[in-house]
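Me: I have a model open on my screen and would like to understand one corner of it properly. Could you take me through a single bridge between two strands, and then show me how its surroundings fit into the rest of the chain?

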Amino acid sequence: EPIIGMVEPYHYRNKVQAAFATARNGKIISGVYQSGTHSIVCVDSCLTEDRKADEIIVSIRNMLKSFRIQPYDERSGGGTLRHVLVKRGFKTNQIMVVLVTSGPIFPAKNNFVKALRKEHPDITTIVHNINPYQTSLVLGERENVLYGTGKIEDELCGLTFRISPRSFYQINPVQTEVLYNTAMEYADMSGREKVIDAYCGTGTITLFLAQKAREVYGIEIVKPAILDAQKNARDNNVRNAEFIVGDATEVMPRLYKQGVRADVVVVDPPRAGC
């Protein structure tokens with residue numbers, strides 16, 4: 001099939017994350033890991049990333065020295081700031097900033113938040129995430145809300161979705177609407193179908209397909225994402241969607257034993273072993 005490309009394929013990523021480190025010359029840098037290494041390539045802006053998110057990350061990098069906050073050093077285990085994650089709702093323009101540290105202590109956090117909000121008053125919420133583990137995962141399991149509600153919302157395909165730091169949301173919302181409409185066209189539903197969305201995240205596909213299905217089951221192994229999905233269903237007044245926490249390879253056979261016979265199964269992404 002021909003690829004359905006973007007009209008404007010630039011600055012489309014609504015989620016931007018940057019790793020922080022201290023270079024050999026003592027300068028604080030932030031950006032992405034060089035392929036196959038743990039060396040950070042300093043990035044100020046990227047043609048795929050949201051411009052506002054890039055600006056916020058650069059501002060944070062420039063603020064660190066005056067607040068005497070050191071980037072985390074994975075070799076020595078010293079330092080504080082590991083990553084910064086920014087999510088922006090393209091339709092709502094709500095912005096979330098997640099500051100990921102190696103431990104629970106964030107020096108002068110109240111003043112840091114105040115200074116960051118002064119520079120970027122359009123920030124909706126700021127979250128402090130704690131990741132003390134030697135891992136390639138950006139986010140840890142513990143977090144504290146420093147400003148706002150710890151959530152943002154965005155609109156997709158006429159529905160409203162709540163987004164938290166660890167919940168999955170499509171990173172290219174413009175092309176997501178094209179993708180979902182194409183999936184709906186392929187499913188060719190009449191309103192009588194039972195649908196399984198095998199890796200549902202916050203329920204974006206699930207709730208979209210629910211508009212033309214009889215019943216929809218969303219399965220996701222990340223519990224906070226399922227809680228967001230359930231809230232999204234309530235907020236959008238969708239009553240024919242059920243969300244289940246668990247591994248799809250375990251939940252789907254269980255549903256089958258319970259008599260659920262799916263007419264349509266959506267796998268996004270199409271995982272190994274499908």
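Reply: Happy to! Let's start at glycine 31, whose bridge partner is cysteine 42 in strand E3. Please keep in mind that this is a predicted model. Strand E2 covers residues 28–33 and is joined to E3 by three bridges, with the two strands running antiparallel.

Now step back to the sheet around this pair. Seven strands form an open sheet in the order E3-E2-E1-E4-E5-E6-E7, and the pairing is mixed. Strand E3 (40–42) is an edge strand, as is strand E7 (142–147), and each of them pairs on one side only. From one strand to the next, the twist averages 35°. Over towards E7, helix H2 (residues 109–119) lies across strand E5 (95–101), strand E6 (125–130) and E7, and the helix runs at about 55° to E7.

Back to cysteine 42, since a bench chemist will surely wonder about its sulfur. A disulfide is a covalent bond between the sulfur atoms of two cysteines. Cysteine 42 takes part in no disulfide, and the nearest cysteine sulfur, that of cysteine 46, is 13 Å away. The cut-off for counting a disulfide is a pair of cysteine sulfur atoms within 2.5 Å. Searching the whole structure turns up zero disulfides. Cysteine 42 has a relative accessible area of 37%, so it counts as partly exposed.

Cysteine 157 makes a useful companion case. This residue has a relative accessible area of 16%, so it is classed as buried. The closest cysteine sulfur to that of cysteine 157 belongs to cysteine 200 and is 16 Å away, so the pair is too far apart for a bond.

Finally, here is the chain that holds all these pieces. Its secondary structure comes to six helices and 13 strands. For 274 residues, a compact globule would have a radius of gyration near 19 Å, and the protein chain agrees with that at 20 Å. Along the principal axes, the C-alpha atoms fill a box of roughly 65 × 40 × 35 Å. Of the 274 residues in the protein chain, 46% are buried. If you take the contacts between residues at least 6 apart in sequence, 61% of them join residues at least 24 apart. As for the surface, the protein chain exposes about 14,800 Å², and 49% of this is supplied by carbon and sulfur atoms.

Key. Residues numbered from 1 in each chain as written. Predicted model: local features only at pLDDT ≥ 70, side-chain atom pairs only at ≥ 80, totals over all residues. Heavy atoms only, no water. Pairing = 2+ DSSP bridges. Helix = DSSP H or I, 4+ residues; strand = E, 2+ residues; numbered from the N terminus. Axes fitted to C-alpha atoms, helices over the stretch in contact; angles between N-to-C directions. Contact = heavy atoms within 4.5 Å. Buried < 20%, exposed > 50% of the residue type's maximum accessible area, 1.4 Å probe, protein only. Rg over C-alpha atoms; globule rule 2.2 N^0.38 Å. Areas by Shrake-Rupley, 256 points an atom, 1.4 Å probe, with all protein chains shown as cover.
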